[in-house]
Amino acid sequence: MSPVTYYHASATEPFPCAPQLTESIATDVCVIGGGYTGLSTALHLARHGASIVLLEASRIGEGASGRNGGQVHNGFRHTSRWFESRLGADFAQQIGSLGIEAREHLDWLIRTYNIDAQYRPGLLHLCHKRSYVDAARAHVDDVMSRHPEAGLRFVDLNEARSLVSSNDYYGGYLDSHCGHLHALNLALGMARAARQHGAQLYEQSAVTRMFRTAQGWEVHTATGSVKAANVVLAGNGYLRNLQPAVQARVMPINNFVLTTEVLGREAAEKLIRDRLAVSDSRFVVYYFRITPDDRLLFGGGETYSYRSPKDIMGMVRQHMLRVFPQLQNTRIEHAWGGTLAITTSRLPFVREVEPGLFNASGFSGQGIVIAPFAGKALADAIGGDRRVFDLLAQFPVRRFPGGKYLRGPILAAAMSWYVLRDYL
(Lines give C-alpha, C1' and ligand atoms only; values in the text may rest on other atoms or scores of the structure.)
Protein backbone atom coordinates (compact mmCIF):
# COMPACT_ATOMS: atom_id res chain seq x y z
CA MET A 1 0.00 0.00 0.00
CA SER A 2 1.31 3.46 -0.89
CA PRO A 3 2.49 5.61 2.05
CA VAL A 4 1.02 8.76 0.45
CA THR A 5 -2.60 9.75 -0.02
CA TYR A 6 -4.36 9.22 -3.33
CA TYR A 7 -4.54 12.98 -3.72
CA HIS A 8 -0.79 13.44 -3.31
CA ALA A 9 -0.14 10.61 -5.76
CA SER A 10 -2.47 12.09 -8.39
CA ALA A 11 -2.08 15.87 -7.92
CA THR A 12 -1.61 17.85 -11.12
CA GLU A 13 -1.50 21.36 -9.61
CA PRO A 14 2.03 22.41 -8.59
CA PHE A 15 3.09 22.14 -4.95
CA PRO A 16 4.15 25.61 -3.69
CA CYS A 17 7.38 24.42 -1.98
CA ALA A 18 7.20 27.59 0.11
CA PRO A 19 10.09 28.55 2.42
CA GLN A 20 10.11 28.44 6.21
CA LEU A 21 9.76 31.79 7.98
CA THR A 22 13.24 32.63 9.34
CA GLU A 23 13.05 36.38 9.93
CA SER A 24 10.94 39.10 11.52
CA ILE A 25 8.62 40.81 9.05
CA ALA A 26 5.65 43.18 8.99
CA THR A 27 2.49 42.89 6.93
CA ASP A 28 -1.11 44.10 6.78
CA VAL A 29 -2.64 40.70 7.62
CA CYS A 30 -1.13 37.50 8.98
CA VAL A 31 -3.11 34.38 8.09
CA ILE A 32 -2.54 31.26 10.21
CA GLY A 33 -3.34 28.09 8.26
CA GLY A 34 -2.71 26.99 4.69
CA GLY A 35 -5.99 25.22 3.89
CA TYR A 36 -9.09 26.40 2.04
CA THR A 37 -10.02 29.10 4.55
CA GLY A 38 -6.58 30.63 4.91
CA LEU A 39 -5.76 30.44 1.21
CA SER A 40 -9.06 32.06 0.26
CA THR A 41 -8.56 34.84 2.81
CA ALA A 42 -5.03 35.45 1.51
CA LEU A 43 -6.14 35.37 -2.13
CA HIS A 44 -9.02 37.82 -1.70
CA LEU A 45 -7.06 40.26 0.44
CA ALA A 46 -4.04 40.17 -1.85
CA ARG A 47 -6.09 40.70 -5.01
CA HIS A 48 -7.34 43.93 -3.44
CA GLY A 49 -3.85 45.14 -2.67
CA ALA A 50 -3.23 44.14 0.95
CA SER A 51 0.13 42.69 1.98
CA ILE A 52 -0.36 39.15 3.25
CA VAL A 53 1.79 36.65 5.13
CA LEU A 54 0.36 33.13 5.44
CA LEU A 55 1.92 30.73 7.95
CA GLU A 56 1.35 26.98 7.55
CA ALA A 57 2.57 24.58 10.24
CA SER A 58 3.18 21.75 7.75
CA ARG A 59 2.72 21.93 3.96
CA ILE A 60 0.07 23.84 2.04
CA GLY A 61 -3.06 21.67 1.79
CA GLU A 62 -1.60 19.03 4.10
CA GLY A 63 -4.53 19.19 6.53
CA ALA A 64 -8.18 18.38 5.93
CA SER A 65 -8.25 20.56 2.79
CA GLY A 66 -6.02 18.07 0.99
CA ARG A 67 -7.31 14.91 2.67
CA ASN A 68 -11.11 15.05 2.58
CA GLY A 69 -13.54 13.03 0.50
CA GLY A 70 -13.83 15.66 -2.21
CA GLN A 71 -17.60 16.01 -1.90
CA VAL A 72 -19.18 19.32 -2.87
CA HIS A 73 -22.28 20.04 -0.76
CA ASN A 74 -24.69 22.95 -1.06
CA GLY A 75 -25.67 25.20 1.82
CA PHE A 76 -25.13 24.74 5.52
CA ARG A 77 -25.76 21.65 7.61
CA HIS A 78 -29.39 22.50 8.48
CA THR A 79 -32.64 23.01 6.59
CA SER A 80 -34.51 26.27 6.13
CA ARG A 81 -37.06 25.05 8.69
CA TRP A 82 -34.26 24.58 11.25
CA PHE A 83 -33.00 28.14 10.74
CA GLU A 84 -36.55 29.55 10.78
CA SER A 85 -37.39 27.90 14.10
CA ARG A 86 -34.25 29.22 15.80
CA LEU A 87 -33.32 32.48 14.09
CA GLY A 88 -36.42 33.58 12.21
CA ALA A 89 -37.75 33.47 8.67
CA ASP A 90 -35.79 36.52 7.46
CA PHE A 91 -32.48 35.09 8.66
CA ALA A 92 -33.32 31.68 7.14
CA GLN A 93 -33.96 33.33 3.78
CA GLN A 94 -30.67 35.24 3.94
CA ILE A 95 -28.74 32.08 4.85
CA GLY A 96 -30.39 30.24 1.97
CA SER A 97 -29.13 32.94 -0.37
CA LEU A 98 -25.66 32.74 1.19
CA GLY A 99 -25.59 29.01 0.50
CA ILE A 100 -26.14 29.71 -3.20
CA GLU A 101 -23.53 32.48 -3.10
CA ALA A 102 -21.01 30.13 -1.47
CA ARG A 103 -21.54 27.50 -4.17
CA GLU A 104 -21.15 30.10 -6.92
CA HIS A 105 -17.95 31.33 -5.25
CA LEU A 106 -16.40 27.86 -5.55
CA ASP A 107 -17.22 27.77 -9.25
CA TRP A 108 -15.76 31.28 -9.62
CA LEU A 109 -12.47 30.22 -7.98
CA ILE A 110 -12.09 27.17 -10.22
CA ARG A 111 -13.02 29.06 -13.39
CA THR A 112 -11.12 32.30 -12.73
CA TYR A 113 -7.84 30.62 -11.80
CA ASN A 114 -8.18 27.62 -14.12
CA ILE A 115 -7.77 25.18 -11.22
CA ASP A 116 -7.62 21.52 -12.23
CA ALA A 117 -10.28 20.58 -9.68
CA GLN A 118 -11.66 17.75 -11.83
CA TYR A 119 -15.18 18.63 -10.76
CA ARG A 120 -17.98 16.24 -11.68
CA PRO A 121 -21.66 16.99 -10.93
CA GLY A 122 -24.12 14.79 -9.07
CA LEU A 123 -24.36 13.95 -5.35
CA LEU A 124 -26.63 11.13 -4.19
CA HIS A 125 -27.84 11.18 -0.56
CA LEU A 126 -28.96 7.68 0.43
CA CYS A 127 -30.94 6.38 3.41
CA HIS A 128 -29.42 3.36 5.15
CA LYS A 129 -32.70 2.74 6.97
CA ARG A 130 -36.09 2.21 5.35
CA SER A 131 -37.69 4.42 8.02
CA TYR A 132 -35.68 7.43 6.82
CA VAL A 133 -37.06 7.42 3.27
CA ASP A 134 -40.26 9.36 3.96
CA ALA A 135 -38.23 12.14 5.59
CA ALA A 136 -35.97 12.28 2.52
CA ARG A 137 -39.02 12.63 0.25
CA ALA A 138 -40.45 15.37 2.50
CA HIS A 139 -37.09 17.19 2.43
CA VAL A 140 -37.06 17.22 -1.36
CA ASP A 141 -40.65 18.48 -1.48
CA ASP A 142 -39.91 21.25 1.02
CA VAL A 143 -36.71 22.43 -0.67
CA MET A 144 -38.19 22.38 -4.17
CA SER A 145 -41.30 24.27 -3.03
CA ARG A 146 -39.07 27.04 -1.64
CA HIS A 147 -36.35 26.93 -4.29
CA PRO A 148 -37.62 25.41 -7.58
CA GLU A 149 -34.17 25.87 -9.10
CA ALA A 150 -32.47 23.75 -6.37
CA GLY A 151 -32.00 20.66 -8.55
CA LEU A 152 -33.15 17.98 -6.08
CA ARG A 153 -35.25 14.96 -6.96
CA PHE A 154 -36.41 11.96 -4.93
CA VAL A 155 -34.89 8.54 -5.61
CA ASP A 156 -36.83 5.40 -4.65
CA LEU A 157 -35.44 2.02 -3.62
CA ASN A 158 -35.25 0.56 -7.11
CA GLU A 159 -33.48 3.57 -8.56
CA ALA A 160 -31.13 3.82 -5.58
CA ARG A 161 -30.00 0.23 -6.09
CA SER A 162 -29.65 0.74 -9.83
CA LEU A 163 -27.38 3.74 -9.19
CA VAL A 164 -25.33 2.11 -6.44
CA SER A 165 -24.65 -1.62 -6.42
CA SER A 166 -25.48 -2.14 -2.76
CA ASN A 167 -28.37 -3.58 -0.78
CA ASP A 168 -27.53 -1.24 2.10
CA TYR A 169 -29.80 1.59 0.89
CA TYR A 170 -33.56 2.14 0.53
CA GLY A 171 -33.91 5.45 -1.29
CA GLY A 172 -32.88 9.08 -0.95
CA TYR A 173 -32.42 12.02 -3.28
CA LEU A 174 -30.14 13.25 -6.03
CA ASP A 175 -28.71 16.78 -5.98
CA SER A 176 -27.60 17.81 -9.45
CA HIS A 177 -26.00 21.05 -8.18
CA CYS A 178 -23.54 19.18 -5.95
CA GLY A 179 -20.79 16.78 -6.93
CA HIS A 180 -17.16 15.92 -6.25
CA LEU A 181 -13.66 17.10 -7.06
CA HIS A 182 -9.93 16.59 -6.40
CA ALA A 183 -9.57 18.08 -2.93
CA LEU A 184 -5.81 18.70 -2.96
CA ASN A 185 -5.75 20.19 -6.46
CA LEU A 186 -8.31 22.74 -5.26
CA ALA A 187 -6.06 23.80 -2.36
CA LEU A 188 -2.91 23.88 -4.49
CA GLY A 189 -4.67 25.90 -7.18
CA MET A 190 -5.82 28.42 -4.57
CA ALA A 191 -2.25 28.69 -3.28
CA ARG A 192 -1.04 29.37 -6.81
CA ALA A 193 -3.68 32.08 -7.20
CA ALA A 194 -2.84 33.70 -3.85
CA ARG A 195 0.82 33.87 -4.81
CA GLN A 196 -0.12 35.27 -8.20
CA HIS A 197 -1.65 38.24 -6.35
CA GLY A 198 1.41 38.71 -4.16
CA ALA A 199 0.61 36.80 -0.96
CA GLN A 200 3.71 35.46 0.82
CA LEU A 201 3.32 31.80 1.81
CA TYR A 202 5.47 30.08 4.42
CA GLU A 203 5.49 26.35 5.19
CA GLN A 204 6.93 24.49 8.20
CA SER A 205 6.15 27.63 10.18
CA ALA A 206 3.94 26.61 13.10
CA VAL A 207 2.75 29.48 15.26
CA THR A 208 3.91 29.10 18.86
CA ARG A 209 2.36 32.23 20.38
CA MET A 210 0.71 35.51 19.51
CA PHE A 211 -0.21 38.64 21.42
CA ARG A 212 -1.69 42.08 20.96
CA THR A 213 0.49 45.16 20.65
CA ALA A 214 -0.23 48.87 20.43
CA GLN A 215 -0.10 48.60 16.62
CA GLY A 216 -2.03 45.33 16.25
CA TRP A 217 -0.69 41.81 16.66
CA GLU A 218 2.61 39.99 16.88
CA VAL A 219 2.78 36.33 15.81
CA HIS A 220 5.76 34.10 16.58
CA THR A 221 7.05 30.83 15.13
CA ALA A 222 10.13 28.94 16.29
CA THR A 223 12.29 30.75 13.73
CA GLY A 224 10.61 34.06 12.97
CA SER A 225 7.87 36.56 13.76
CA VAL A 226 5.23 38.65 12.01
CA LYS A 227 3.78 42.03 12.98
CA ALA A 228 0.33 42.65 11.51
CA ALA A 229 -2.64 44.94 11.97
CA ASN A 230 -4.98 41.93 11.70
CA VAL A 231 -4.63 38.19 12.24
CA VAL A 232 -6.82 35.45 10.75
CA LEU A 233 -7.09 32.09 12.49
CA ALA A 234 -7.71 29.52 9.75
CA GLY A 235 -6.25 26.37 11.32
CA ASN A 236 -9.62 24.61 11.79
CA GLY A 237 -8.97 21.25 13.51
CA TYR A 238 -5.24 21.90 13.70
CA LEU A 239 -5.35 25.14 15.70
CA ARG A 240 -4.87 23.28 19.01
CA ASN A 241 -4.35 25.60 22.00
CA LEU A 242 -3.62 28.85 20.20
CA GLN A 243 -6.83 30.65 21.12
CA PRO A 244 -9.00 29.56 24.11
CA ALA A 245 -12.33 30.94 22.84
CA VAL A 246 -11.94 29.00 19.59
CA GLN A 247 -10.67 25.85 21.27
CA ALA A 248 -13.72 25.80 23.56
CA ARG A 249 -16.12 25.78 20.59
CA VAL A 250 -14.29 23.91 17.83
CA MET A 251 -13.53 20.22 18.33
CA PRO A 252 -11.00 18.29 16.21
CA ILE A 253 -12.05 14.87 14.96
CA ASN A 254 -10.26 12.48 12.62
CA ASN A 255 -11.92 10.95 9.59
CA PHE A 256 -10.44 8.22 7.40
CA VAL A 257 -10.43 7.41 3.69
CA LEU A 258 -9.13 4.71 1.34
CA THR A 259 -8.87 4.13 -2.37
CA THR A 260 -8.89 0.75 -4.04
CA GLU A 261 -6.78 -0.48 -6.87
CA VAL A 262 -7.95 0.53 -10.36
CA LEU A 263 -11.22 -1.30 -10.96
CA GLY A 264 -11.52 -0.67 -14.69
CA ARG A 265 -14.17 1.41 -16.43
CA GLU A 266 -16.85 -1.30 -16.66
CA ALA A 267 -16.54 -2.46 -13.04
CA ALA A 268 -16.47 1.13 -11.76
CA GLU A 269 -19.61 2.06 -13.69
CA LYS A 270 -21.37 -1.04 -12.37
CA LEU A 271 -20.47 -0.13 -8.78
CA ILE A 272 -21.63 3.52 -8.95
CA ARG A 273 -23.49 4.62 -12.06
CA ASP A 274 -22.78 7.96 -13.73
CA ARG A 275 -19.79 8.55 -11.40
CA LEU A 276 -21.99 10.15 -8.79
CA ALA A 277 -20.68 11.13 -5.39
CA VAL A 278 -22.61 9.36 -2.62
CA SER A 279 -23.12 10.13 1.06
CA ASP A 280 -25.49 8.34 3.39
CA SER A 281 -27.73 8.91 6.40
CA ARG A 282 -25.45 7.44 9.05
CA PHE A 283 -24.52 9.76 11.91
CA VAL A 284 -20.89 9.00 11.12
CA VAL A 285 -21.40 9.32 7.40
CA TYR A 286 -20.15 6.92 4.77
CA TYR A 287 -19.16 8.80 1.61
CA PHE A 288 -17.78 7.39 -1.61
CA ARG A 289 -17.27 7.95 -5.32
CA ILE A 290 -15.34 6.75 -8.35
CA THR A 291 -12.13 8.63 -9.12
CA PRO A 292 -11.17 9.72 -12.66
CA ASP A 293 -8.84 6.72 -12.93
CA ASP A 294 -11.59 4.23 -11.95
CA ARG A 295 -10.83 3.57 -8.27
CA LEU A 296 -13.35 3.56 -5.46
CA LEU A 297 -12.65 6.31 -2.94
CA PHE A 298 -14.45 5.44 0.31
CA GLY A 299 -14.59 7.33 3.60
CA GLY A 300 -15.85 6.05 6.93
CA GLY A 301 -14.93 5.91 10.60
CA GLU A 302 -13.87 8.59 13.06
CA THR A 303 -11.77 9.11 16.17
CA TYR A 304 -12.06 12.01 18.57
CA SER A 305 -8.51 13.10 19.27
CA TYR A 306 -5.38 13.91 17.29
CA ARG A 307 -4.42 10.22 17.31
CA SER A 308 -5.11 7.92 14.37
CA PRO A 309 -5.60 4.14 14.52
CA LYS A 310 -2.57 2.00 13.72
CA ASP A 311 -4.39 0.21 10.90
CA ILE A 312 -6.32 2.87 8.99
CA MET A 313 -6.72 0.62 5.97
CA GLY A 314 -8.26 -2.18 8.03
CA MET A 315 -10.56 0.20 9.85
CA VAL A 316 -11.99 1.81 6.71
CA ARG A 317 -12.07 -1.44 4.78
CA GLN A 318 -14.55 -2.99 7.22
CA HIS A 319 -16.89 -0.05 6.65
CA MET A 320 -16.47 -0.34 2.88
CA LEU A 321 -17.36 -4.03 2.96
CA ARG A 322 -20.61 -3.29 4.79
CA VAL A 323 -21.71 -1.36 1.70
CA PHE A 324 -19.83 -3.29 -0.99
CA PRO A 325 -19.21 -6.89 0.17
CA GLN A 326 -18.40 -7.77 -3.45
CA LEU A 327 -15.06 -5.93 -3.00
CA GLN A 328 -13.81 -8.49 -0.46
CA ASN A 329 -10.86 -9.46 -2.69
CA THR A 330 -10.12 -5.99 -4.03
CA ARG A 331 -6.70 -4.57 -3.16
CA ILE A 332 -6.46 -1.29 -1.23
CA GLU A 333 -3.73 1.01 -2.54
CA HIS A 334 -4.06 4.14 -0.40
CA ALA A 335 -5.44 4.79 3.10
CA TRP A 336 -5.13 7.97 5.14
CA GLY A 337 -6.72 10.18 7.72
CA GLY A 338 -7.22 13.88 8.26
CA THR A 339 -8.32 16.15 11.08
CA LEU A 340 -11.44 18.16 10.47
CA ALA A 341 -13.40 20.12 13.08
CA ILE A 342 -16.98 20.22 14.31
CA THR A 343 -19.03 22.53 16.51
CA THR A 344 -21.98 21.80 18.79
CA SER A 345 -24.43 23.14 16.19
CA ARG A 346 -22.49 21.76 13.19
CA LEU A 347 -22.30 25.35 11.92
CA PRO A 348 -18.99 27.17 11.46
CA PHE A 349 -17.65 29.37 14.24
CA VAL A 350 -17.04 32.71 12.49
CA ARG A 351 -16.17 35.58 14.80
CA GLU A 352 -13.95 38.54 15.46
CA VAL A 353 -12.68 36.95 18.68
CA GLU A 354 -10.79 40.06 19.75
CA PRO A 355 -10.31 43.36 17.91
CA GLY A 356 -8.32 42.54 14.80
CA LEU A 357 -8.33 38.77 15.48
CA PHE A 358 -10.66 36.90 13.11
CA ASN A 359 -11.59 33.21 13.09
CA ALA A 360 -13.47 30.84 10.79
CA SER A 361 -13.47 27.12 11.60
CA GLY A 362 -15.64 24.13 12.49
CA PHE A 363 -17.04 23.39 9.03
CA SER A 364 -18.24 19.97 10.17
CA GLY A 365 -17.51 18.08 6.97
CA GLN A 366 -18.75 20.67 4.47
CA GLY A 367 -15.59 22.69 4.08
CA ILE A 368 -15.08 22.43 0.32
CA VAL A 369 -17.81 24.99 -0.33
CA ILE A 370 -18.10 26.84 2.98
CA ALA A 371 -14.42 27.24 3.95
CA PRO A 372 -13.32 29.19 0.84
CA PHE A 373 -16.47 31.30 1.14
CA ALA A 374 -15.80 31.96 4.83
CA GLY A 375 -12.26 32.97 3.88
CA LYS A 376 -13.68 35.52 1.45
CA ALA A 377 -16.05 36.76 4.16
CA LEU A 378 -13.09 37.32 6.50
CA ALA A 379 -11.18 39.15 3.77
CA ASP A 380 -14.20 41.34 3.00
CA ALA A 381 -14.72 42.12 6.70
CA ILE A 382 -11.10 43.17 7.13
CA GLY A 383 -11.53 45.34 4.05
CA GLY A 384 -14.61 47.00 5.54
CA ASP A 385 -17.51 45.00 4.02
CA ARG A 386 -19.03 42.97 6.88
CA ARG A 387 -22.28 41.92 5.16
CA VAL A 388 -21.56 38.19 4.94
CA PHE A 389 -19.30 38.05 7.98
CA ASP A 390 -21.96 39.53 10.28
CA LEU A 391 -24.54 36.99 9.09
CA LEU A 392 -22.19 34.05 9.64
CA ALA A 393 -21.25 35.45 13.06
CA GLN A 394 -24.88 34.99 14.14
CA PHE A 395 -24.64 31.19 13.91
CA PRO A 396 -25.25 29.70 17.37
CA VAL A 397 -22.05 27.94 18.46
CA ARG A 398 -21.87 26.98 22.12
CA ARG A 399 -18.92 25.74 24.11
CA PHE A 400 -18.45 21.98 24.24
CA PRO A 401 -19.22 20.65 27.73
CA GLY A 402 -16.41 19.29 29.88
CA GLY A 403 -13.77 21.95 29.45
CA LYS A 404 -10.30 21.40 28.04
CA TYR A 405 -9.72 17.93 29.46
CA LEU A 406 -13.15 16.26 29.56
CA ARG A 407 -14.77 17.50 26.37
CA GLY A 408 -13.02 14.83 24.25
CA PRO A 409 -14.19 11.85 26.37
CA ILE A 410 -17.70 13.34 26.65
CA LEU A 411 -17.91 13.79 22.88
CA ALA A 412 -16.61 10.26 22.28
CA ALA A 413 -19.26 8.82 24.60
CA ALA A 414 -22.04 10.83 22.93
CA MET A 415 -20.88 9.95 19.43
CA SER A 416 -20.68 6.27 20.37
CA TRP A 417 -24.38 6.35 21.22
CA TYR A 418 -25.24 7.77 17.80
CA VAL A 419 -22.97 5.25 16.09
CA LEU A 420 -24.82 2.49 17.94
CA ARG A 421 -28.10 3.87 16.59
CA ASP A 422 -26.71 3.53 13.07
CA TYR A 423 -26.41 -0.22 13.65
CA LEU A 424 -29.85 -0.70 15.19
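A salt bridge here is a side-chain nitrogen of Lys or Arg within 4 Å of a carboxyl oxygen of Asp or Glu. Searching the whole structure by that rule turns up 21 salt bridges. Keep in mind as you look around that this is a predicted model. Several of those contacts come up along the way.

**Stop 1: helix 4**

Select residues 89-112 to bring up helix 4, which has 24 residues. From its first C-alpha to its last it reaches 34 Å, close to the 34 Å expected at 1.5 Å a residue. Now colour its buried residues, among them Phe 91, Ile 95, Leu 98, Leu 106 and Leu 109. Arg 103 and His 105 belong to the buried set of helix 4 too.

Stay with Arg 103 and show its side chain together with that of Asp 107. The two meet in a salt bridge, at 2.6 Å from N to O. How far apart in helix 4 are Arg 103 and Asp 107? They are 4 residues apart, so about one helical turn separates them. Is each partner buried or partly exposed? Arg 103 is buried, with a relative accessible area of 8%, while Asp 107 counts as partly exposed at 30%.

Before leaving, step just past the end of helix 4 to Asn 114, which takes a positive phi of about 50°.

**Stop 2: strand 11**

Next, select residues 251-260, which make up strand 11. How many of the residues of strand 11 are buried? The count is 10 of the 10, so this strand is largely enclosed by the rest of the structure. In a regular strand, side chains alternate between the two faces of the sheet. Turn strand 11 to look at each side in turn: Met 251, Ile 253, Asn 255, Val 257 and Thr 259 are buried on one side, and Pro 252, Asn 254, Phe 256, Leu 258 and Thr 260 are buried on the other.

Now add a partner. Strand 15, residues 332-342, runs antiparallel to strand 11, and 10 bridges join the two. To see one of the matched positions, select Thr 259 and His 334, which stand opposite each other.

**Stop 3: strands 14 and 13**

Strand 11 also pairs with strand 14, residues 296-303, in the antiparallel sense over 5 bridges. Here you can pick out Asn 254 of strand 11 opposite Thr 303 of strand 14. Strand 14 has 8 of its 8 residues buried, so it too is largely enclosed by the rest of the structure.

Carry on to strand 13, residues 287-290, which pairs with strand 14 over 4 bridges, again antiparallel. Arg 289 has Leu 297 of strand 14 as its bridge partner. Strand 13 and strand 14 form a hairpin with 5 residues between the strands, and in it Asp 294 takes a positive phi near 70°.

Keep Asp 294 selected and add Arg 275: their side chains form a salt bridge, 2.1 Å from N to O. What does this pair tie together? Arg 275 lies in the loop between helix 9 and strand 12, and Asp 294 in the loop between strand 13 and strand 14, so the contact links parts that are 19 residues apart in sequence. Both Arg 275 and Asp 294 are buried.

**Stop 4: the cavity**

Rolling a probe the size of a water molecule over the atoms shows where empty space is left. The count comes to 1 cavity of 30 Å³ or more, and the largest cavity holds about 40 Å³ of space. Select its lining: Tyr 6, Tyr 7, Gln 118, His 180, Leu 181, His 182, Arg 289 and Pro 292. Arg 289, which you met as the partner of Leu 297, is one of these lining residues. The lining divides into 4 nonpolar, 3 polar and 1 charged.

**Stop 5: helix 11 and a network**

Finish by selecting residues 367-382, helix 11, where Lys 376 and Asp 380 lie 4 residues apart, about one turn of the helix. They form a salt bridge, with the closest N and O atoms 2.8 Å apart. Lys 376 is partly exposed at 25% relative accessible area, and Asp 380 is buried at 19%.

For a last view, show Glu 261, Asp 293, Arg 295, Arg 331 and Glu 333 together. Salt bridges that share partners join these residues into one network.

Methods: Residues are numbered from 1 along each chain as its sequence is written. This is a predicted model: local features need pLDDT of at least 70, side-chain atom pairs count only at pLDDT 80 or more; totals for chains, interfaces and linings use all residues. Side-chain values use heavy atoms; hydrogens and water are left out. The expected span of a helix is 1.5 Å times one less than its number of residues. Buried means under 20% relative accessible area, exposed over 50%, partly exposed in between (1.4 Å probe, protein chains only). Two strands pair if DSSP finds at least two bridges between them. On a 1 Å grid over the protein atoms alone, a cavity is a set of points where a 1.4 Å probe fits but cannot get out, and a pocket is an open set with protein on both sides within 12 Å along at least five of seven lines; lining residues have an atom within 4 Å of a point. Grid points are joined across faces, edges and corners, and a volume is the space filled by probe spheres set on the points. Ala, Val, Leu, Ile, Met, Phe, Trp, Tyr, Cys and Pro count as nonpolar, Asp, Glu, Lys and Arg as charged, and the others, Gly among them, as polar.
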